[in-house]
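Please look first at how the strands are arranged, and then at where the two chains meet. The paragraphs below take these two topics in turn.

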Amino acid sequence: MKSHTLSVLVENRAGVLSRVAGMFSRRGFNIESLAVGPCEEPNMSRITIVVNGDDGVVEQVMKQTNKLIDVIKVSDLTKRESVERELALIKVAAEGGPARAEILQIADIFRAQVVDVGSKTLVLQVTGDTEKIDALEKLLRQYGIKELVRTGKIALLRGAKTVKSSK
Amino acid sequence: MKTGARTLIEALQREGVDTIFGYPGGVVLPIYDELYDSSIRHILVRHEQAAAHAADGYARASGRVGVCLATSGPGACNLVTGIATAYMDSIPIVALTGQVPTALLGNDAFQESDITGITMPVTKHNYLVKNAGEIDRVVQEAFYIARTGRPGPVLVDLPKDVSTGAAQEGRPVPETVSLRGYQPTYQGHVRQIDKALDLIATAERPLVYAGGGVVLSEASAELLQFIETAAIPVTTTLMGLGAVPGDHPLNLGMLGMHGTQSANYAVTECDLLIAIGARFDDRVTGKIDTFAPNAAIIHIDIDPAEIGKNKKVDVPIVGDVKAVLQALLSRMQKRGDTANWVARVGSWKTQYPLYYRNDDRLRPQYVVEQLSDILKGEGIIVSEVGQNQMWTALYYCFKKPRTWITSGGLGTMGYGFPAAIGAHYARPDMPVIDIAGDGSFQMNIQELGTVAQYDIPVKVVILNNMYLGMVRQWQELFYDRRYSYTELPPVDFVKIANAYGVEGLRVEEKADVREALKTALATDGPFVLDFRVEREENVFPMVPAGAAINEMIGVRQP
């Protein structure tokens, strides 16, 4: 079992996300994360899906996704050189002076930004690969994480290569 | 002003639609008003489920796209079983549904249901049309998607204000459809085809396993030429019956859970399995690990997702079955030496024929055999689901494709009678017979009203055992004969038929079977035959669930 990052180019139409997500759930494929948004083509969106499974399962995932009429292209980025990023916002308890200083130090090391300062909390924004965000979360847990939200992974191929509609 | 409804009817006419099976309701009133004086024939069914099945039967019998129409909410929901049935068997239908006006969408309005959401898992694609200007394009795409590639059902949901709204006039309809997300592969890859031919040239015990894809692709002639040229025996799935004549010397009959002994033994012994338009369904393979354990596998299918889904494949060929078979035939230089193998499987056929006790009792297998003998392949046989379906599959000799119409994948009881209605409109030149059980027939028995109203000459052959027979068979074999809720009280089907104005006859003696069948077939209109058969007859051979397919029960052991 291994995580695969799939880049899925779809028509930017109502219901596309539910077609993709519905197909995953009814066929029992596990989604670790899913991120969707507009892309370089005006009428398309790009969905980045992280799925867990052995090679046979991932092959089925890709073929079944490709069968959806509104899906234009599916690529497995795991097998190729790619940049993968995720963004998280973490609201951490920071009431006492020493804790606050420590948190700011950790944030600095992780190149996280403080995007909100309250009297009792700090909100950190961090970007990076999944492991980095996991590591930061683990370190901050001792101070008390009040809320946390992650975008899910997004990814692009390195270099000049692109995942584009070949049609 | 040209309305959306008018635009819809014209778009359907451009697609060559001659018949629609439907049921009116509030939000489809504008469409029905256009149908009133349209050249398209509309058949009023008695339940929307029957409209979907009839469209499906029409499609299976003709190879063209079947069309059904229902109103929003309950009407649309009643189509769902029929759409799912078509989806599982890759049948091209277009289902048109009315919807509440766009302004009320999502409002829990009267008779509103999210039918595009509901049918997403059971359609190849679906559309919610938001304005009348889209109708031309959507209808054209819907028919294109339904009939091309791996065929399947497409649903088009039309809100009432879209039907009444003004469509833009004068915009030309494009001649061809081009969808960047949908480009099926029709030609097989030449390198894969040559690899397949290498395996075929060296195989000693090759076997073709042909499925419904052969029928959908209109590839029967090519398949026949292929097996004869390469001297390879063939077994077909339930959906593939008729793709090769049932009495062809190389045809071993159906394989799988109720397959013939020779077919199931051949699968187990073959060294090369050539799957053509088939999908390694669990009812075919039994225990998957022991399916074709000694064989290299070539898999030809238009849907890449079917290849490698259930079984590892050595040579995948994605493409249209007909095109790939043509390529195989044109590139074949050498065939394997299969003489010994052909002789061996041939001897299994004589050694292990289908068997039932042919005594003086009225047994269901006998009814099917007699019908087969009378029609000699010149008829369209539709079945319900259960024992009636399996006895027909085993004991009726199908000679041509599209003469066998059955719900294979979904196994929908109540499918046969309405599907037979659809088949009649596709092939009015052919006698259409629905072979039913008393359970299945009662699931859509209301369609007696439809056949009576339009004098549709469908003959219903009920193999009446007053049980839900297949479930009873499992209870007998695996649940200590604890017949939990599978017994049905006797029903006077003749009286019911008569009440609708349909002729009927009850048959209780074996000696009367042939005459009764002939009487029904000679009658111009619909006819219901109620055969009171042996109640606890079983379908054999049978592979128990989870067993290997050569481990059959109810057979003479080798």
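Two strands are taken to pair if DSSP finds at least two bridges between them. With that criterion in hand, and bearing in mind that this is a predicted model, one can start from a single position: Gly22 of chain B has Leu69(B), in strand 3 of chain B, as its bridge partner. The two elements concerned are strand 1 (residues 19-22) and strand 3 (residues 66-70) of chain B, which pair in the parallel sense over two bridges.

This pairing belongs to a wider arrangement in chain B, where six strands form an open sheet in the order 2-1-3-4-6-5, with parallel pairing. Because strand 2 (41-44) and strand 5 (125-128) of chain B stand at the edges and have a single partner strand each, one side of each is left without a neighbour in the sheet. On average, and with direction ignored, neighbouring strands of this sheet are turned by 20 degrees against each other. Helix 4 (residues 74-88) of chain B packs on the sheet, where it touches strand 3, strand 4 (93-99) and strand 6 (154-159) of chain B, and the direction of this helix makes about 165 degrees with that of strand 4 of chain B.

Turning to the interface, 17 residues of chain A are in contact with 14 residues of chain B. On the side of chain A that touches chain B, at least two residues each come from helix 1 (16-26), helix 2 (55-67) and strand 4 (71-76) of chain A, and helix 2 of chain A gives the most, with five residues. By character, the residues of this side of chain A divide into eight charged, six polar and three nonpolar.

Technical notes:
Residues numbered from 1 in each chain as written. Chains lettered and ligands numbered in written order. Predicted model: local features only at pLDDT ≥ 70, side-chain atom pairs only at ≥ 80, totals over all residues. Helix = DSSP H or I, 4+ residues; strand = E, 2+ residues; numbered from the N terminus. Axes fitted to C-alpha atoms, helices over the stretch in contact; angles between N-to-C directions. Contact = placed C-beta atoms within 7 Å. Nonpolar A, V, L, I, M, F, W, Y, C, P; charged D, E, K, R; others polar.
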